[in-house]
Number of protein chains: 2
Amino acid sequence: MEKIDALKEVKNCPIQYVLSINDTLNVISGKWKLPILGSILFGKKRFTDIQRNIPKITPRMLSKELKELELNGMLVRTVHDSTPVMVEYSLTDSGQSITEVLDKMVEWGIQHRKAVITG
Amino acid sequence: MEKIDALKEVKNCPIQYVLSINDTLNVISGKWKLPILGSILFGKKRFTDIQRNIPKITPRMLSKELKELELNGMLVRTVHDSTPVMVEYSLTDSGQSITEVLDKMVEWGIQHRKAVITG
DNA sequence: TTTACTGCTATACTTTAGTATACTACTATA
DNA sequence: TATAGTAGTATACTAAAGTATAGCAGTAAA
């Protein structure tokens with residue numbers, strides 16, 4: 001009985017649901033995405049600013065992740081024609097609103113820690 | 001100004017916040033964690049049930065992920081002394097409540113898709 | 001005695017993610 | 001002409017995640 005219901009539920013599970021979760025996971029998973037987003041969260045930053053905020057990241061990774069985040073519509077890259085040239089990265093609205101997801105994750109995480117510790 | 005505030009914020013950012021997010025990410029990231037949790041979500045399941053639900057997973061990965069999810073307090077493993085032996089996996093309360101996070105991720109994901117498509 | 005069902009484990013491999021280190025192109029200042 | 005600041009790229013590597021394929025241990029029915 002229960003098994004059949006479960007199967008039905010699984011089959012009803014709309015693809016949109018799964019896709020959305022994957023989209024969300026893609027923009028926050030990996031070693032550096034959250035630190036980078038966190039660095040830009042409170043104001044636009046330049047490449048070297050972010051590097052200074054995250055001392056252990058290599059320029060290769062920072063460059064790669066910034067490109068990916070830009071492609072995914074999380075941030076915007078703006079080049080200023082100054083000398084030396086300056087490039088600013090700032091969050092899009094989507095990039096900003098990921099904090100809502102993160103807040104839920106904090107909430108669950110804290111709750112879960114308590115549950116695991118108290119058994 | 002803005003830069004200094006940002007730095008302050010980053011420095012105030014409590015470690016608990018970061019740890020909780022990492023805890024949460026750890027239990028849902030990887031290729032198979034969500035499919036497995038999804039399979040058990042609507043009722044306890046046996047090893048082979050889950051395998052049938054997720055045809056492409058190898059027993060090695062299923063076994064490995066189930067162990068990890070159990071260690072992380074997401075599910076409980078129960079052995080029944082029948083013949084042949086039966087092992088049932090069911091979600092803990094924490095395991096169940098991860099759906100709250102997933103729901104937020106769906107919400108954001110859908111919103112984000114719209115934002116990216118409409119530019 | 002063979003077959004089949006349960007729930008896995010072992011070994012070797014490939015693929016993806018991340019690291020290390022050095023270097024580039026442009027330009028203004030010393 | 002050398003140096004320093006901007007924002008990166010190139011190449012080669014290591015480590016982590018995941019795959020492929022085969023097999024094990026227990027039991028019970030054919």
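**Close-up 1. One cavity in a predicted model.** In this predicted model, the count comes to 1 cavity of 30 Å³ or more. The largest cavity has a volume of about 30 Å³. Its lining is made up of A:Lys104, A:Glu107, A:Trp108 and A:Gln111, joined by B:Ser97, B:Glu100 and B:Val101.

**Close-up 2. The helices around the largest cavity.** Here we look at who lines the space. α6 (93–118) of chain A and α6 (93–118) of chain B each put at least two residues into the lining of the largest cavity. The biggest giver is α6(A), with 4 residues. Sort the lining by class and you get 2 nonpolar, 2 polar and 3 charged residues.

**Close-up 3. The protein surface near DNA strand D.** There are 20 residues around DNA strand D, and the ones that come nearest are A:Thr48, A:Ser63, A:Arg77, A:Tyr89 and B:Lys31. Of the strand's atoms that come within 4 Å of the protein, 74% belong to sugar and phosphate. From chain A, α4 (47–53), α5 (59–71) and β3 (86–91) each supply at least two residues of this surface, and so does α5 (59–71) of chain B. α5(A) has the largest share, 4 residues. By class, the surface holds 10 nonpolar, 4 polar and 6 charged residues.

**Close-up 4. Polar atoms facing the backbone of DNA strand D.** Zoom in on A:Arg77, and a polar side-chain atom sits 2.6 Å from a phosphate oxygen of DNA strand D. Over on chain B, an N or O atom in the side chain of B:Trp32 is 3.0 Å from a phosphate oxygen of the strand. A:Val85 uses a polar backbone atom instead, 3.2 Å from a sugar or linking oxygen of DNA strand D.

Key:
Residues are numbered from 1 along each chain as its sequence is written. Chains are lettered from A and ligands numbered from 1 in the order in which they are written. This is a predicted model: local features need pLDDT of at least 70, side-chain atom pairs count only at pLDDT 80 or more; totals for chains, interfaces and linings use all residues. Side-chain values use heavy atoms; hydrogens and water are left out. On a 1 Å grid over the protein atoms alone, a cavity is a set of points where a 1.4 Å probe fits but cannot get out, and a pocket is an open set with protein on both sides within 12 Å along at least five of seven lines; lining residues have an atom within 4 Å of a point. Grid points are joined across faces, edges and corners, and a volume is the space filled by probe spheres set on the points. Ala, Val, Leu, Ile, Met, Phe, Trp, Tyr, Cys and Pro count as nonpolar, Asp, Glu, Lys and Arg as charged, and the others, Gly among them, as polar. A residue is near a molecule or strand if one of its heavy atoms lies within 4 Å of it. A polar contact is a pair of N or O atoms within 3.5 Å; within protein, one must be able to donate a hydrogen and the other to accept it, and residues adjacent in sequence count only if both atoms are side-chain atoms.
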